[in-house]
Amino acid sequence: MLFLYRILINLTLLISPLIIIFRIFKKKEHHTRFLEKLGILNAKRKLGKLIWFHGSSVGEILSVIPLIEKLEKKKNIKQILLTSNTLSSAKVFNNFKLKKTIHQFFPIDSNFITKKFLNYWKPSLAIFTESEIWPNIILNLKSRNTPLILLNARITKKTYKKWKKISFFSRSIFNKFDICLAQNDETKNYLKKLGAENIKKLGNLKFSETTLKNINKINKNTQKFFDSKKILFGAISTHQNEEIFCTKIHADLKKKYINGITIIIPRHVHRAPDIKEEIEKIGLKVHLHSSGRKIDTKTDIYLVDTFGETKLFIKICKIVFLGGSLIKHGGQNPLESARLGCKVIHGPNIDNFLEVYSLLNKNNISSKIRTISQAKNIVKKNLNNKFSSKKIIKKLNFIGNEVLLNNQKEINKYI
């Protein structure tokens with residue numbers, strides 16, 4: 001199976017220039033830094049102990065920042081390498097002022113490129129997050145006796161079924177992890193069946209939050225505009241069709257709240273021009289955040305089409321709709337919004353965060369909706385009623401600090 005995997009990866013490597021050119025054209029790839037994925041590195045490796053974290057995209061990167069912040073204080077760690085796969089995650093990383101940590105794109109998992117990558121960086125400890133399982137680099141790490149941790153591990157039923165089809169191969173990969181720190185019971189059970197030997201359930205790291213400050217700020221004119229408006233709700237990490245769903249909620253609420261505005265932040269910001277066009281067909285006025293133009297006072301929808309500023313806009317909302325939940329995507333992470341004191345509404349498709357939503361629901365922080373009417377009524381109810389954001393924040397901070405501390409203790413054993 002490993003032989004077949006390596007053939008497929010090498011075939012991918014052969015056509016990767018075409019894939020990369022297409023992705024650059026679509027603004028999904030950096031026009032020069034894509035070389036990092038091919039093993040052509042542009043960052044300097046410092047002398048001393050280097051700890052390596054890898055996460056797929058934005059969510060995974062944000063989840064490890066609190067741990068990285070703690071580890072940067074350790075004198076025996078000279079450098080921290082953080083890798084990811086997506087352009088958006090690289091841009092988000094740039095919003096944090098980290099002293100010892102550098103970002104690189106994760107290399108294509110070919111045997112040759114991963115060996116070159118490891119020969120250069122020589123990590124003392126490798127930490128992969130959630131479900132990032134790459135056979136070649138895992139096997140090459142273990143051939144060097146490098147400790148390997150699966151952090152905040154998350155294996156869904158769908159992922160488990162795929163690995164189960166190649167159970168002999170999966171066992172030979174999953175048993176290479178020195179420890180797997182699972183975020184829920186489902187993952188713990190699946191990891192055991194897939195061959196992982198040392199597993200601990202410590203909870204979801206996404207409950208924790210960095211104390212590092214985001215360097216971006218909403219400019220004075222934009223803030224002045226929002227101060228003059230009634231913010232109805234924010235729609236965060238939306239996918240195709242969900243923006244129109246939220247726009248229709250706004251159009252209905254506008255009958256009562258004439259001065260209302262809704263903030264929409266799509267999951268993939270490159271879709272913003274198309275979203276703007278679709279909303280305007282309904283007859284509502286849209287302002288693109290990146291345009292730099294003066295905001296029309298008649299604006300209905302404020303469309304955020306930049307990276308790394310989501311938190312700034314969530315802070316000024318009382319209620320948010322979390323995307324990826326009306327379509328068959330499995331939902332997006334609601335914790336950032338909840339931690340900032342917002343009530344969360346979501347659709348029925350939340351398989352990716354079942355335990356998180358269960359906890360939020362028990363604490364009256366989240367509500368499930370299926371129709372525009374249901375969503376409108378919940379937004380209206382929360383706009384009319386006062387609720388304590390401080391209580392929500394305090395409750396989630398307590399959970400997050402405990403999860404962070406427990407994960408840090410386990411990682412310290414391997415440093």
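**Close-up views of two cores and strand 9**

**View 1. The largest nonpolar core, centred on its best-connected residues.** In this predicted model, the largest nonpolar core has 32 residues, and W52, F128 and L191 have the most contacts inside it. A nonpolar core is here a set of buried Ala, Val, Leu, Ile, Met, Phe, Trp, Tyr and Cys residues joined through side-chain atoms within 4.5 Å, where buried means under 20% relative accessible area with a 1.4 Å probe and protein chains only. Helix 5 (residues 135–143) gives the largest share of this core, four residues, helices being DSSP runs of H or I with at least four residues and strands runs of E with at least two, numbered from the N terminus.

**View 2. The surroundings of F128.** With neighbours within four places in sequence left aside, F128 is in contact (heavy atoms within 4.5 Å) with residues including W52, H54, F106, I137, I138 and L141. Apart from this core lies another, of 31 residues, among them I261, I263, Y302 and C342.

**View 3. Strand 9 and its partners.** Seven of the seven residues of strand 9 (residues 260–266) are buried, so this strand is largely enclosed by the rest of the structure. Strand 9 runs parallel to strand 8 (residues 230–238), joined by seven bridges, and parallel to strand 11 (residues 301–303), joined by three; strands count as paired if DSSP finds at least two bridges between them. K230 stands opposite G260, while the bridge partner of T262 in strand 11 is I301.

Residues are numbered from 1 along each chain as its sequence is written. Local features need pLDDT of at least 70 and side-chain atom pairs count only at pLDDT 80 or more, whereas totals for chains, interfaces and linings use all residues, and side-chain values use heavy atoms, without hydrogens and water.

How values were computed: Buried < 20%, exposed > 50% of the residue type's maximum accessible area, 1.4 Å probe, protein only.
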